Amino acid sequence: MSARLNKVDKSSWKLRVFNTGPAPALNVRLVLDEQNSIIQENSASRKFPMSKLEKGQSVELAAFVHMQSNPKEWLRIRWDDPSGKDRENRIEITI
């Protein structure tokens, strides 16, 4: 599981969370750092947790990047798969 911040057009950004692993990810949860300023909690809570994210599948969230945004933010993705429960990847998102 990983994530990437993508610029859609001049002023729009999306955070894309995707499954890069060899198996489906189950019970996928997005954990935002308390310093997070680009992903709104209510936006994330509408999509996460996801019951299943297939290999190669992704989900996008609106990101709110502005002049005062931190150049780096952290988020954690937690999931279950056949190799274990509560797996986690901590990802540094850069603008």
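**A hairpin and the chain around it**

User: In this predicted model, over how many bridges do strand β6 (residues 72–81) and strand β7 (residues 84–94) pair?

Analyst: Strand β6 covers residues 72–81, and strand β7 takes up residues 84–94. The two run antiparallel to each other, and their pairing extends over nine bridges.

User: Which residue in β7 is the bridge partner of Asp81?

Analyst: β6 and β7 make a hairpin, with two residues sitting between them. Asp81 belongs to the β6 range, 72–81, and β7 picks up at residue 84. The bridge partner of Asp81 in β7 is Gly84.

User: Zooming out, what pattern does the protein chain follow along the sequence?

Analyst: You've got one helix and seven strands to place. Reading along the sequence, the order comes out as β-β-β-α-β-β-β-β.

User: Why can we call the protein chain as compact as a globular protein of that length?

Analyst: For 95 residues, the globule rule gives 12 Å. The chain's radius of gyration is close to that, so it is as compact as a globular protein of that length; the value is 13 Å.

User: What share of the 95 residues counts as buried?

Analyst: Here "buried" means under 20% relative accessible area. Going by that cut-off, the share of the 95 residues is 37%.

User: How far apart are the centres of the positive and negative side chains?

Analyst: The chain carries 16 positive side chains and 12 negative ones. Take the centre of each set, and the distance between the two centres is 5 Å.

Note on methods: Residues numbered from 1 in each chain as written. Predicted model: local features only at pLDDT ≥ 70, side-chain atom pairs only at ≥ 80, totals over all residues. Heavy atoms only, no water. Helix = DSSP H or I, 4+ residues; strand = E, 2+ residues; numbered from the N terminus. Rg over C-alpha atoms; globule rule 2.2 N^0.38 Å. Buried < 20%, exposed > 50% of the residue type's maximum accessible area, 1.4 Å probe, protein only. Lys, Arg positive; Asp, Glu negative; His and termini not counted. Charge placed at Lys NZ, Arg CZ, Asp CG, Glu CD. Pairing = 2+ DSSP bridges.
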